[in-house]
Amino acid sequence: MDVIFERSSVGQEREGFSMEHEAVATRSLRVGCRGALPLDARIEPWMKRCLSSEHLFDWVETYGSPLNLLRPRTMRRNVEELNAVARERELDFRVFFARKANKCLGLVDEAIESNFGVDTASENELRQCLRRGVPAKDLISTAAIKSDSLIDLCLEHQICIAVDNDDELQVVVNRANEVGCLARIALRLGGFWHDGAKLPTRFGFDVDRDRDLPQRLTSLPVRVEGIHFHLDGYLAEQRVSALAEAMKWVERLRAIGEPVSFIDMGGGFPMSYLDEPRQWAAFWEEHRRALLGERASLTYRGHGLGLSVERGRVVGEPKMYPFFQRPVRGDWLVGVLDTLIDGKKIAERLVKLNVQLRCEPGRSILDGCGMTIARVEFRKQNAEGDWLIGLSMNRTQCRTSSDDFLVDPILVPKWQPSKDRQRAPAMSGYLVGAYCTESEFVSLRKLNFPNGIQRGDLVAFPNTAGYFMHFLESRSHQFPLAKNLIVDSHPVPSVCLDVIDE
């Protein structure tokens, strides 16, 4: 794995950033906005160039606020990190990009160019991929709800369908009989046993209750090509338990003549938005102290971020993605593949079984691929004297199911400080959005602006390509959706609209 990260560093050198230059550029970008307890984002060289570009304000003026900037090429580095782990183990392996993580078609084009597949979660996602020229063999449909028209589209193009339940299977069978073809399917499984308990999930056939499923398939117009599962959370050990059971199902299905060729372990590959574990630990330690009244609050009106106080004790779990974690991506996959079961590594068992291992990461292969830019529209104080900084965006445009985006934004002043301009007074406050509700906070964390912040400045949210841009975006109040620009950063940043917005 050291080689992979060294390769990434060399790539940064090629992009014109020495390590020293990069460190200086990063410090200068961060100086304008820091959390009351900083959580410093990892920032890619291409992001630094865009944030320093003389054209950044023109892009926002032309395309509106908020504005999403994406560099699809960075996906290639992340996928290669996973591929390298598999190659070292001589494992047949294929990454399928989970397109639900970001709607931009520039990412689909990158998948075609870089030869990895695409996991689609809706009929529109699938149709768009077909129009862009993704081959049927490089597509899978894992939609949670599959309409007749989606199933018909899969049958027409012979795209593999991850079948989740008996009702869905029956629809696939009925439509296949009607058009006179075999359906290519993967059986989605759930209810795996781990540490003496079943892993809870709302997806898939239960591995115990539905053990008769292989026998029920023998007379149906389906061809079982794979086993599929997706587990919540990020524990490698749970994937090991699921893979062990999935391999048993491969053998059972092959015994009745089904040509099972792959196991798809879904997504949930962890990534980290921060480089500094001490910042992450310090934030939660001090946040707990603040909830107990032992220090000033770090959040608006003492928002708990999933935690609360009962009888003098902090209880609950953070309602939050783990913005710092280790291991991530390739190292995490190593932990899965090198785990021993009955004296043999998972990777070795997969090789012996002659089965391809597939996965469907979204967030982790979009690491470093995008950022969101918003314009400051106002500053005001509320009745309690807190400063509120209004951004021309709403919270759904930088949010997932987490309570907050626990990464320090970057402030880009409209007028750069100089000897001729008096420095604005320092201030602290909270970022609020455009929806007309009391809960409309883009960030609940208290942020410090040592050089002030003014109308017309820009605020950048780093590393938002994975889910944050599009997963919950809404047009409430009839606000337009954010435009998405594809960035070419050589030799200087230039942009074009993603096809999804044309």
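User: What makes Tyr 234, Tyr 273, Trp 280, Phe 283, Trp 284, Tyr 321, Phe 323, Phe 405, Phe 461 and Phe 468 a cluster?

Analyst: These residues form a cluster in this predicted model because ring pairs link them, a pair being two rings of Phe, Tyr or Trp (its six-membered ring) whose centres lie within 6.5 Å, called stacked when the planes are under 30 degrees apart, edge-to-face when over 60, and tilted otherwise. Residues are numbered from 1 along each chain as its sequence is written. As the model is predicted, local features need pLDDT of at least 70 and side-chain atom pairs pLDDT of 80 or more, whereas totals for chains, interfaces and linings use all residues, and side-chain values rest on heavy atoms, without hydrogens or water.

User: How many aromatic pairs does a search of the whole structure find, and why is the pair of Tyr 435 and Phe 479 called stacked?

Analyst: The search of the whole structure finds 18 aromatic pairs. In the pair of Tyr 435 and Phe 479 the ring centres are 6.2 Å apart and the planes differ by 15°, so both values meet the limits for a stacked pair. Tyr 435 belongs to the loop between strand S21 (427-432) and strand S22 (441-449), and Phe 479 to the loop between S23 and S24, so that their pairing ties together parts that lie 44 residues apart in sequence. The strands and helices named here are DSSP runs, numbered from the N terminus (E, at least two residues, for strands; H or I, at least four, for helices).

User: Why is the pair of Tyr 467 and Phe 471 called edge-to-face?

Analyst: The ring centres of Tyr 467 and Phe 471 are 5.0 Å apart and their planes stand at 90°, so the pair is edge-to-face. Tyr 467 is buried, at a relative accessible area of 15%, while Phe 471, at 44%, is partly exposed; the terms mean under 20% for buried, over 50% for exposed and in between for partly exposed (1.4 Å probe, protein chains only).

User: How do you know that Arg 363 lies over the face of Tyr 321?

Analyst: Arg 363 is 3.8 Å from the ring centre of Tyr 321 and lies over its face, where the criterion asks for NZ of Lys or CZ of Arg within 6 Å of the centre and within 35 degrees of the ring normal. The charged end of Arg 252 likewise sits over a ring, that of Trp 249, at 4.7 Å from its centre.

User: What makes Leu 56, Trp 59 and Val 60 lie on the same side of H4?

Analyst: In helix H4 (residues 56-63), Leu 56, Trp 59 and Val 60 are buried. They cover an arc of only 95° around the axis, which puts them on the same side of H4. The face turned away from this buried side carries Glu 61 and Thr 62, which are exposed. After H4 comes Gly 64, with a positive phi near 95°.

User: Why is Glu 473 called buried, and what does its side chain make a polar contact with?

Analyst: The relative accessible area of Glu 473 is 17%, so the residue counts as buried. Its place is in the loop between strand S23 (458-462) and strand S24 (483-488). The side chain of Glu 473 makes a polar contact of 2.7 Å with the side chain of Lys 103, which satisfies the limit (N or O atoms within 3.5 Å, within protein one able to donate a hydrogen and the other to accept it, with sequence neighbours counted only between side-chain atoms).

User: Which side chains does the side chain of His 470 make polar contacts with?

Analyst: The side chain of His 470 makes polar contacts with those of Asn 102, at 3.4 Å, and Asn 484, at 2.8 Å. His 470 is found in the loop between S23 and S24 and counts as buried at 9% relative accessibility. Its C-alpha atom is 6.5 Å from that of Gln 397, although the two residues are 73 apart along the chain.

User: What is the phi of Asn 463, and of Gln 478?

Analyst: Asn 463 has a positive phi of about 60° although it is not a glycine, and Gln 478, also a residue other than glycine, has a positive phi near 65°. Most residues other than glycine have a negative phi. Asn 463 counts as buried at 4% relative accessibility, whereas Gln 478 is exposed at 63%.

User: How do you know that the peptide bond from Ser 65 to Pro 66 is cis?

Analyst: The peptide bond from Ser 65 to Pro 66 has an omega near 0° and is cis, Pro 66 being found in the loop between H4 and strand S2 (67-70). The bond from Arg 326 to Pro 327 is cis, with omega near -5°.

Note on methods
The arc is that of the directions from the helix axis to the C-beta atoms.
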